[in-house]
Amino acid sequence: MERTSHYEDYVKILEEELIPAMGCTEPIAIALAAAKAREALGAEPEQCRVEVSGNIIKNVKAVTVPNTGGLKGIEAAAAAGMAAGRPELELEVLSRVTPEEIEAMKALMERCAIRVVPALGDRVFFINVTVAAGEHTACCEIVDFHTNIVRIQRDTEVLFRAEAGAGDGEEQTDRSVLSVEEIVAFADCLDTADVAGLLDRQVAYNTAISEAGLKGGWGAEVGRTLRSLYGDDVAVRAKAAAAAGSDARMSGCEMPVVIVSGSGNQGMTTSLPVIEYARDMGASHEELLRALTVANLVTIHQKTGIGRLSAFCGAVSAGCGAAAGIAYLKGGRYKVIAHTIANTLAICSGMICDGAKPSCAAKIAAAVDAGLMGYHMYVNGGHQFVSGEGIIQKGVENTIDNVGRLARLGMRGTDQEILDIMVGR
């Protein structure tokens, strides 16, 4: 089959997006910046200043940082990075922490004054960690996405500098080439060997943490609750699998996941329901890889217009992507997938993001449920929400654009109000 016009771009987008991370990615990004700053300082910090944008505060406040002995929050993330971070591992910066280092980070929090400062300006994703010892200081600054380090400095010497929009290592490919129609065509013509390594890792990592979550003891046990209340139907298993992964991840599970659009929750929500349906159907490995390709790219496509962080819950985009992947797995192509997306977005586009925390698992279950409803509505009678009904507009790309506008522009005030509520202003 002839390759699509942006075939190589689509492969690169998947390579840039489907990367492993351990722990919720916002506190991990703080830990990465702190580890880089300490490395530049060359000494144990005596003082630390963490300047972060509101969305970072929101997503770090209530989540457990992995490999810290259960510590939560910005100060814990910074201390972990300073005491035990391996900066060369990027989003797995805390993956090799020893028991002795956990005690060291707790001691560091007592010795080192860590001050959190809200960043000025309107940049949604901003982290600057500045450390000091004696007469020397060092800092590391990350903007726009989790590994985009734009400046490392020691005293007055700039050790590293990059353009804020350079996208060194994560976002090098123009996402505007994405469209639902071409995503489906790309999956059809895909040489699965081009993405097998990425997707097999996604299956292995995300399945493992989901299984850990289903064993219990993590968060509010949303995944286990779904299974115990609603039985063993594949739709229940699909929702429970994604929720259970979040149960574990939001509560400090030290297992890695493969993220999508900078988020582990989105990575699990996008992939785990598709994996569950593929198992139920007895789908081949190749069929699973093609369906996961659709799910991942549909999620990424939606998030491109929304941005990495916003007041719009990312589980909505990921649940929608999962439903698109399931529709593809069941033989649906562009028309079915387009209507599945539009129906899903009509159902749950009002879900807010009020930070990373255990309740994310329940939102994930709701988003996957909406995606499955959107799919079944269309394939069982051609039912659809149509243009002129709320934010739905004729043509799936127009509806996706509308949601991006709603999330990026319309919910700015909502985002600030959520933050004010969370910090007690």
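## A tour of the pockets and helix packing

Start with the largest pocket, which has a volume of about 1,000 Å³. Keep in mind as you look around that this is a predicted model. To find the pocket, select D122, R123, V124, F125 and L309, which are the closest to its centre of the 41 residues that line it. Next, colour helices α3 (54-60), α11 (285-306), α15 (396-410) and α16 (412-423): these are the elements that give two or more residues to the lining of the largest pocket. Colouring by residue class shows a mixed lining, with 16 nonpolar, 12 polar and 13 charged residues.

Two of those pocket helices are worth a stop of their own. Keep α11 and α15 on screen and hide the rest. Their axes come within 7 Å and cross at roughly 45°, an angle that is neither under 35 degrees nor in the range 65 to 115. The two helices are therefore oblique to each other. Their crossing is right-handed. Now show side chains at the contact: select H301, Q302, G305 and I306 on α11, then E397, I400, V403, G404, A407 and R408 on α15. By class, this contact holds 4 nonpolar, 4 polar and 2 charged residues.

Now for the enclosed space. How many cavities of 30 Å³ or more does a search of the whole structure find? The search finds 1. The largest cavity has a volume of about 360 Å³. Select N59, S263, N265, Q266 and C353 to centre your view, since these lie nearest the cavity's centre among the 32 residues that line it. The elements giving two or more residues to this lining are α2 (25-41), α3, α9, α10 (264-281), α12 (314-329) and α14. The cavity lining comprises 11 nonpolar, 13 polar and 8 charged residues.

For the last stop, pick two helices from the cavity lining, α9 and α14. Select residues 234-250 for α9 and 360-379 for α14; the helices pack at an angle of about 155°, with their axes 8 Å apart. That angle makes α9 roughly antiparallel to α14. The crossing here is right-handed. To see the contact, show A235, K239, A242, A243, S246, D247 and M250 from α9, together with C360, A361, I364, A365, V368, D369 and L372 from α14. Colour these residues by class and you will find 10 nonpolar, 1 polar and 3 charged.

Definitions and conventions
Residues numbered from 1 in each chain as written. Predicted model: local features only at pLDDT ≥ 70, side-chain atom pairs only at ≥ 80, totals over all residues. Heavy atoms only, no water. Axes fitted to C-alpha atoms, helices over the stretch in contact; angles between N-to-C directions. Helix = DSSP H or I, 4+ residues; strand = E, 2+ residues; numbered from the N terminus. Parallel < 35°, antiparallel > 145°, perpendicular 65-115°, else oblique. Left-handed = near helix turned anticlockwise from the far one by under 90°. Contact = heavy atoms within 4.5 Å. Nonpolar A, V, L, I, M, F, W, Y, C, P; charged D, E, K, R; others polar. 1 Å grid on protein atoms, 1.4 Å probe; cavity = no way out; pocket = protein on both sides within 12 Å on 5 of 7 lines; lining within 4 Å. Points joined across faces, edges and corners; volume = space filled by probe spheres on them.
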